Amino acid sequence: MSTTLADRLAVLRDEVLETVEHGDGEPPGAEVFDAMVRAVASHGETIPGLDLALHDAIARRLAWGDREEAVLASTEAVFQRLLKASQRAFRDPVEEMLVAELAAEVACGAARIVALAAVGRAGRERAARLREELAQRRLKDALAQQREDLARLEKA
Amino acid sequence: VTSLALRVHGATHTGNVREGNEDAHVLDRELGLYAVLDGMGGAMGGDVASAKARDVIHAYVKSKRQAMAPRDLMAAAIGAASAAVFEEAKSRRDRKGMGTTVVACLLVDERRAVIAHVGDSRAYLLREGRLQQLTRDHTIVAELLEKGAISPEDAAHSAYKSVLSRNLGNKPEARPDVVEIALQAGDRLLLCSDGLYGYASGEAVLHLLGGGEGPEQVTRDLIEAALRGGGGDNVTTIVLEVGRAAVPRATQVIRSTGAVSWWARRPLFLQAARDAGLAQSAICAVLSPEEAIEIVAGNLCEAVFHDLEQTTGINVWTYAENLAHGWFDQGGDYEVLRELVDILRGASMAVIADIRAGGDSLAIMLEIAVTRALIVAEVAIGNVLAERLRAIEAELVRATPAIAPPPPPAGTAALASSSTGLAASASGSMPQMSAEGAQQTFVEQRTIPYMQAVRIDPPSPAVARCLEEARARAIAAIGADDRAGRREVADCIERAHRAALAPTGPSDAVLAARELYGVRALEESGMAPLLDALDQARMAHVRAVRELDAGIEEKVTAMRRVSTAHQRMVGAVTALVIESGGPITARLQEATERTAGLRAEVGRNEARLAELERRAAAARAARPQIGAEP
């Protein structure tokens, strides 16, 4: 049943991701939708938890320069559209309930990944700022020495 | 929907400095319209501007109340008022330049209110002990700050911090910000002019508004706090209380018998402080032992008494602030101050124990009130410490060469104030403001832009019952012990439940996220507990819905609502995390640019040095050698 449901969910991909609007490019939020399909497919067979493929995909998006806000926005959009699409497409209320539950799990997981990425970035930026400040201190010392040398040479 | 009673009171005061009152206000219970206006222009007719705008807004709302949607109505009323003030100013030379701010609240029904504002008059919402500013000041400094063009320190000291970027009257059209909020029982709304928040601290406002007094008393106390803080401007406040009072009758008991019981045990308090060795503290080194007891312990005892009597924390706050300033000015350590506060806490507990031993049922309430007072003292000391750290940082910044502030990163719209966030999310649609400028402001300063507007209708009674049962089951499932983690999970469930019930969609999820986020370190250790709690809450909540003994249709609807509520709450928390990282990025960029500047300067100097060295060498070569052949 789960596999069938996952297949039927995968059919909604174009509608949920608004694929038409994005032409050949990978539509934003595709990784979240794929994770939702995986969650439905593996429901009952694994312990729900962090989907490493989703983690990887989000990390890749961030590494390629997508902003955290953009990732979060697409997650939100995919979740909302999937809920609407499943309400229309699924006749069995039990299936619809399962999709809503798992979609929320994936969307919350994706948000958590983004939050932790933002926290990590903040930590890296704090450290980088410290390094900059240390460099500034060394440069200021060098500048002071240069000013002394300049004064001496100009006097000579 | 249960009917919520409403209590409202408003008052205005000229203040200690001004000769006339240029503020105006509207209190129309029948119409549900409340507004505070702060006129500007002094001799040029600030009072005329505020009175004119007040009359126009009132008349406009009265005439079109039934004909227009509330948000459009408020925007249009403010627009009409601006046009009227502009015309008035144009018609008389001596009134040129007059204008007014406005913050207005229209109660749509017992559960919804529309807040509209222009200028720096503010609206606050007190919900469950948290004070939230619903409006964003339209001042030049605030706008520069939000765009990242100036730092918060510069903003605080800017000479232009009161210069408005928007007001009613300088142009025929207005650009109001309009927010729609969902009301809950126990909520308190405060509308005020800058004469209040400019002279009374945020803590004082929070304490007075949340102190449990009725709106009439709170209004009086707020004005008194502003006057005590200097009263340099006209001050006007309106307090609206929705439903039950925020704090039960216990407050009244504390104010009367509690304060008296406390004061009656002053000698016991002093003795306990003496026994605990207060006089030996390094802070009291310059005082005789009796002076130390009388001044340090006696003053705290008196401050606690006054705070109990007035249900505020102002006196203890002031006491602790003075103590900390005095000690830190001498170069004293925090550790010593901490020990002194512990001694005073011990003395307070001795008094409470004495009251309890007398079989007085008041003891528990008094213990809570006194503990709160001591927490206020610690917060005040922490505040002084933070202030000093900020001053040191500012000094360091001043000591380094000035650089131009970095431009805001391209394409990164500032994640802005909570008020805009509420505007975006609570409305259920993009703000429909008449003025083009207002729409533009929203786009520039959107907050949580990905929180898409979704209007959720109120649930049917059957679904509401399901949601209620799921909430109860989920909380029961996580256990009843009072460990902090459990409490946080239960809190998340409660808030998600309310968001799932909310008829206005995402407003509650966003507000809940802000409240849950509170003040946290932007580190994994600060964020992980909240994210874990949200995760556990979602799992427990959806499991409870799944296991409900109800019709399948109701269960599906409940699941959809609960899932959406949790997803939005987690999304909003993540947005806040991202938002909190903004200043860190800006500071790094600033530091990088400064380093690049220094590096360039070193390079230039290096070139100059090489040039001088070369010239010196040439000069040396050209100089005749001593003892050389001619």
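**View 1. Two cysteines tucked away from the surface.** A residue counts as buried here when its relative accessible area is under 20%. In this predicted model, Cys108(A) comes out at 4% relative accessibility, so Cys108(A) is buried. Cys192(B) has a relative accessible area of 0%, so Cys192(B) is buried too. As for sulfur bridges, the count of disulfides over all chains is zero.

**View 2. Inside the largest nonpolar core.** This core gathers 86 residues, and Met36(A) and Leu82(A) are the ones that touch the most other members. Helix α6 of chain A, running over residues 93–155, supplies the largest share of the core, with 18 residues.

**View 3. Who sits against Leu82(A)?** Setting aside the neighbours within four places in sequence, Leu82(A) is in contact with Leu9(A), Leu12(A) and Val16(A), and also with Phe33(A), Met36(A), Val99(A) and Ala103(A). Apart from the core of Leu82(A) there is another one, made of 49 residues, including Leu278(B), Ile283(B), Tyr319(B) and Ala320(B).

**View 4. A look along helix α11 of chain B.** Helix α11 covers residues 314–329 of chain B, 16 residues in total. At 1.5 Å a residue it should span 22 Å, and its end C-alpha atoms are 22 Å apart, so the two values agree. Several residues of α11(B) are buried, among them Asn315(B), Trp317(B), Glu321(B), Leu323(B), Trp327(B) and Phe328(B). Tyr319(B) and Ala320(B) are on that buried list as well, and both belong to the 49-residue core.

**View 5. Just past the helix.** Right after α11(B) comes Gly331(B), with a positive phi of about 85 degrees.

Terms used: Residues are numbered from 1 along each chain as its sequence is written. Chains are lettered from A and ligands numbered from 1 in the order in which they are written. This is a predicted model: local features need pLDDT of at least 70, side-chain atom pairs count only at pLDDT 80 or more; totals for chains, interfaces and linings use all residues. Side-chain values use heavy atoms; hydrogens and water are left out. A disulfide is a pair of cysteine sulfur atoms within 2.5 Å. Buried means under 20% relative accessible area, exposed over 50%, partly exposed in between (1.4 Å probe, protein chains only). A nonpolar core is a set of buried Ala, Val, Leu, Ile, Met, Phe, Trp, Tyr and Cys residues joined through side-chain atoms within 4.5 Å. Helices (H or I, at least four residues) and strands (E, at least two) are DSSP runs, numbered from the N terminus. Contact means heavy atoms within 4.5 Å. The expected span of a helix is 1.5 Å times one less than its number of residues.
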